[in-house]
Amino acid sequence: MSTEGVSADPAVGEAERRHQAERDDEVRNGREVTPPTDGADSRLRRVLADLDNLRKRFGREVERERTDERARVAAEWLPVLDNLELALQHAGEDSPAFVEGVRAIHEQAVGVLTRLGFPPFDDDVGAIFDPARHQAVGAADSDAPPGTVVAVVRPGYGRDDRILRPASVIVAREPLD
């Protein structure tokens, strides 16, 4: 069998094999076969290539939509998480069982965000202020070098390539003379 005219593209190769099998069946059944013109072969290859490109583009769009929906759902969780953190801050030691229950729910909510691809930022205090990861909500005098994060007011969530919410931070400022 000659490899002339056989495409390296598996979809085109499969279509050519099916077309050849159909022609062989027609010859066996006594029907006359007219060979396809070069124009029909090239149109078939173009159509199959367009179909392959469409399939790839659709796959990319589905993945983008899936990622965007995951971010939307995760963003809906952020106020719940913030309120749980506030409850833990204000609970004190009044009812240890209640505080432990709220802490467990908070950890579960953080786990959900992490599984969705948006883990909390863990290394913000002491880091250099990064406008892509941080939102400065205040400045404070500190022994730390200017521009260093000295406190986190509200944690941030996400990864470097996809941030759900920047961390709200307080940054060290230049000492006033």
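This talk walks through one predicted protein model, from its overall layout to selected residues.

Good morning, colleagues. I begin with the chain as a whole. Its secondary structure amounts to 3 helices and 5 strands. Read from the N terminus, these elements follow the order α-α-α-β-β-β-β-β. The chain has 177 residues, and buried residues account for 24% of them. The area that the chain exposes is about 12,400 Å², and 54% of this is supplied by carbon and sulfur atoms. As for contacts between residues at least 6 apart in sequence, 58% of them join residues at least 24 apart.

I turn now to the interior. In soluble globular proteins, nonpolar side chains tend to be buried together. Which residues have the most contacts inside the largest nonpolar core of this model? They are Ala74, Leu78, Leu81, Leu113, Phe118, Tyr157 and Leu164, in a core of 15 residues. Two helices, H2 (38-91) and H3 (96-115), each contribute at least two residues to this core. The largest share is that of H2, with 7 residues.

Leucine 113 gives a view of this core from one position. Setting aside residues up to four places away in sequence, leucine 113 touches Ala74, Trp77, Leu78, Leu81, Phe118, Pro119, Tyr157 and Leu164. Another core, of 5 residues, lies apart from the largest one, and its members include Phe121, Ala167, Val169 and Val171.

Let us next consider arginine 165, a residue with a charged side chain in strand S4, which covers residues 162-165. Is arginine 165 buried or exposed? Its relative accessibility is 7%, below the 20% limit, and therefore arginine 165 counts as buried. A polar atom of its side chain lies 2.9 Å from the backbone oxygen of proline 155. Proline 155 also appears among the residues that arginine 165 touches, beyond those up to four places away in sequence; the others are Leu78, Asp82, Phe121, Arg154, Gly156 and Tyr157.

From there I move to the surface. Val73, Trp77 and Val80 form a nonpolar patch, and together they have about 220 Å² of accessible area. Valine 73 belongs to helix H2. With a relative accessibility of 32%, valine 73 counts as partly exposed.

The next topic is charge pairing. Side chains of opposite charge can pair when their charged atoms come close. How many salt bridges does the structure hold? The number is 14.

Aspartate 52 takes part in two that I wish to show. In one, its partner is arginine 55, and the closest N and O atoms are 3.6 Å apart. Arginine 55 and aspartate 52 are 3 residues apart in helix H2, so about one helical turn separates them. In the other, the side chain of aspartate 52 meets that of lysine 56, at 3.3 Å from N to O. These two residues are also both in helix H2, 4 residues apart, which is about one turn of the helix. Aspartate 52 counts as buried, at 18% relative accessibility, whereas lysine 56 is partly exposed, with a relative accessible area of 48%.

A further salt bridge joins aspartate 160 and arginine 133, with 3.3 Å between the closest N and O atoms. This pair links distant parts of the chain, 27 residues apart: aspartate 160 is in the loop between strand S3 (157-159) and S4, and arginine 133 is in the loop between H3 and strand S1 (134-140). Where does each partner stand in terms of accessibility? Aspartate 160 counts as exposed, at 66%, while arginine 133, at 15%, counts as buried. Finally on this topic, salt bridges link Arg64, Glu65, Asp68 and Arg162 in a network.

I close with proline 131, which is placed in the loop between H3 and S1. At 63% relative accessibility, proline 131 counts as exposed. Its C-alpha atom and that of alanine 167 are separated by 9.7 Å, although the two residues are 36 residues apart along the chain. Alanine 167 was named earlier as a member of the 5-residue core. Thank you for your attention.

Conventions: Residues numbered from 1 in each chain as written. Predicted model: local features only at pLDDT ≥ 70, side-chain atom pairs only at ≥ 80, totals over all residues. Heavy atoms only, no water. Buried < 20%, exposed > 50% of the residue type's maximum accessible area, 1.4 Å probe, protein only. Polar contact = N/O pair within 3.5 Å; in protein donor to acceptor, adjacent residues only side chain to side chain. Contact = heavy atoms within 4.5 Å. Core = buried A, V, L, I, M, F, W, Y, C linked by side-chain atoms within 4.5 Å. Patch = residues over 30% accessible without salt bridge, like charges linked within 9 Å, V, L, I, M, F, W, Y side chains within 5 Å. Areas by Shrake-Rupley, 256 points an atom, 1.4 Å probe, with all protein chains shown as cover. Salt bridge = Lys/Arg side-chain N within 4 Å of Asp/Glu carboxyl O.
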